[in-house]
Every structure is written in structure tokens, then in C-alpha cells.
Amino acid sequence: MRNTLSGDVWRLAVFSTVCLLGIGALVAVFAQLRFDSDTTYNAQFSNVTGLEPGNFVRIAGVEVGKVKSVRVQPDATVLVEFSTDTTVALTKGTRAAIRYDDLIGGRYLALEEGPGPTTTIRPGATIALDHTSPALDLDALIGGFRPLFRALDPDQVNVLSTQLIKAFQGQGATIGSFLTQTAALTATLADRDELIGEVITNLHTVLGTISEQSTRFDTAVTSLSELANGLAEHRSDLSTSLAHGNHAAATIADLLDQTRPALRDTLTQTDRTAGIVVADHDYVDNLLNTLPDAYQKLARQGIYGDFFNFYLCEAVLKVNGKGGQPVYVKLAGQASGRCTPK
């Protein structure tokens, strides 16, 4: 009797132990408990929509830790505290990004190795804002579909947009309605296959033209690159030239400002002279016609260079007479020699 009782107790103890171990294993699995030592780091984000404490931290798709806390900072950024296995070494080039884990809103924190120093950062360090990528911006995502939505029926666009947002935010009970609206979208696109075909044909023509002119296009790009490099190499000279040009412009403006009164007076006198010439144009015309002969005579008179030779043939004095009429009084005169009339 005692042997039977002790055997039952032993079997009960073994069964209870196995059950407790199984329950503990289930709790560890579903509660995502970790008993290994870990290292804590921080990452600064501008947006962590959908990320919650307890979400996984992964490197190349492999789970290496969990998100511990999400806190909003005074500067409107978000500080995410996360842990990783002690075997994981983060460097100054490590980048942190928030990725979609599923279509119903699940997120995880992805660690990626980006460009930068390979120096290992200490535990507790913070990955700066310029090395993080925020959660997907649904407004930007929906905005990217805008050209496509313009060709659709407004009611279909509204329903499809609503289902798409719900799916990404994890508010949709199923994906069935989303797939239904996607089917309607593809059917609408199929109805516009002729328009799409024309777009593809035109694009093919454009690409073919560019391909035929690839050599010239390549030459143009090369020349443009050389021009840009040349300008970059002479940027100091260009900046100096612009500075001197600005100074020269200021000097010219100052000169014009100083000479403006003289120029104004010159223009006024020129206009007055032009009026006189126009009023007595017969005299001016006669003067211009006889001026070459007069210059020749003056040249002969000054042939000796230092003085002019003149022969006095006649001296007449013109005075104002009675009533303002001119009176001519002959003072001297001769009619022989060089003064003989021809």
C-alpha cells in the first residue's frame, strides 16, 4: 500500500514539474522574456508612429534586442531606449530606422551599418537624429499616389485611401476590403490601357531619340562638367572680378552724378545752337560750301609757319545810321597789284 502511494506521489511530482516547466516555457515565449545579459542604447527620432515598448530590435532581420521605452523630449523629438545582446557592437556609423513588421501596424527597430567611422560607441550612448530614419509618413505615401488617383473615380479613391490608411495603421480588421479596392483600381487601369499605351509609346520615342544622340548628349554633359569644374577652379578670380566690377560701377555712377550738371548744360546749348543753325540754314550751307576754299587760302597765307601774310585791298567801316540802317564808310582801298579786280 505504501509502495503504491509513494509511486503515485512520485508520478504526480514529475507531472507537476513537467507542467510547470511547460508553462514557464510558454510564458517565456509569449512574453518574449530574455535571460541573457544585454546592453542599453538610445536613438533620437523625429517621428516614431506605431513604435511601442516591447517591439523587437533587429539587425539584417535577426532579433538582437527589444525596445524598452519611448519618451518625448522638450525639443519635440523622441528618445527611444532599446537593448541589444552583448555580442552586438554598434559603431559611430550605425543607423537606426523604424520599419513595418506587418501590414496591420506592427513595427520594429532596425539597426543598419551606414557610412561613417567604425569606432565602437559606449553603452548608453545616443544615436543622433541625423543617423535615424523616422516611421513611414502616410501623408507622403498617399501623396505619391496622387497622379494615379486623378485618373480614378473620386468614390473609389476615397474608399481605397481609407482602406490603405487603416491597413498601415493596424485599424483594419482584415485585408479583404483593401484587396477588393485594389482589384477595382487595377480594373480601372485596364480600362485605360490605350492611354497608358500612348504614354509608354511616347516615352519609348523620347528614350530612342536620346539614345540616338547619346554621343552628343555625353559630350554636352562632359562639357558642362568641365565648365563647372573650370568655374569652380576660378571661383576666387570670379568673386574678385565681381567685387571690382561693383566698385567700378559705383565709380561710374559717382562720375555721372558729378558730370550731370555739365552734361545738362551741354545738351541745352547744343539744342540752342541747333535752333540757330536751322533758323539760318542758308548761311550755314554757304559757309560749309565755301569753307574748304577758305581753309586753302589760310594754308597759303601761313606757309611760313610763324606768321600770316595779308594784303590790304579794302577797309570798310560799318556803322549804324539813322533809323537803324547800316552805313558803310570806306577807309582805305586800292585796285592794283594783287587787289586788281578779275
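**Exercise 1. How many bridges join E5 to E6, and how do these strands run?**

Solution. The model examined here is predicted. Seven bridges join E5 to E6, and the two strands run antiparallel. One residue pair illustrates this ladder: Tyr100 has Arg107, in E6, as its bridge partner. The side chains of this pair also meet, since Arg107 lies over the face of Tyr100, at 4.0 Å from the ring centre. A charge is counted as sitting over a ring if CZ of Arg is within 6 Å of the ring centre and within 35 degrees of the ring normal. Arg58 provides another such case: its charged end sits over the ring of Tyr108, 4.9 Å from the centre.

**Exercise 2. Determine the strand order of the open sheet and explain what sets its edge strands apart.**

Solution. Begin with the order, which is E7-E1-E4-E3-E2-E6-E5-E8. This open sheet thus has eight strands, and the pairing is mixed. Next, consider the two ends: strand E7 (126–127) and strand E8 (132–133) stand at the edges. Each has a single partner strand, so one side of each is left without a neighbour in the sheet. For the wider setting, the protein chain holds nine helices and ten strands.

**Exercise 3. Identify the residues with the most contacts inside the largest nonpolar core, and the strands that supply at least two residues each.**

Solution. The largest nonpolar core has 21 residues. Within this core, Phe45, Phe82 and Leu109 have the most contacts. The strands that each supply at least two of the core residues are E1 (38–45), E3 (62–72), E4 (78–85), E5 (94–100) and E6 (107–113). As a general point, nonpolar side chains in soluble globular proteins tend to be buried together. Over the protein chain as a whole, buried residues make up 18% of the 342 residues.

**Exercise 4. Is Gln44 buried, partly exposed or exposed, and which residues does it contact beyond its sequence neighbours?**

Solution. First, locate the residue: Gln44 is found in strand E1. Second, apply the cut-off: buried means under 20% relative accessible area. Because Gln44 has 21% relative accessibility, it counts as partly exposed. Third, leave aside neighbours within four places in sequence; Gln44 is then in contact with Asp75, Thr77, Val78, Leu79, Thr126, Ile127, Ala128, Leu129 and Thr132. Finally, compare sequence with space: Gln44 and His131 are 87 residues apart along the chain, and their C-alpha atoms are separated by 8.5 Å.

Key:
Residues numbered from 1 in each chain as written. Predicted model: local features only at pLDDT ≥ 70, side-chain atom pairs only at ≥ 80, totals over all residues. Heavy atoms only, no water. Helix = DSSP H or I, 4+ residues; strand = E, 2+ residues; numbered from the N terminus. Buried < 20%, exposed > 50% of the residue type's maximum accessible area, 1.4 Å probe, protein only. Core = buried A, V, L, I, M, F, W, Y, C linked by side-chain atoms within 4.5 Å. Pairing = 2+ DSSP bridges. Contact = heavy atoms within 4.5 Å.
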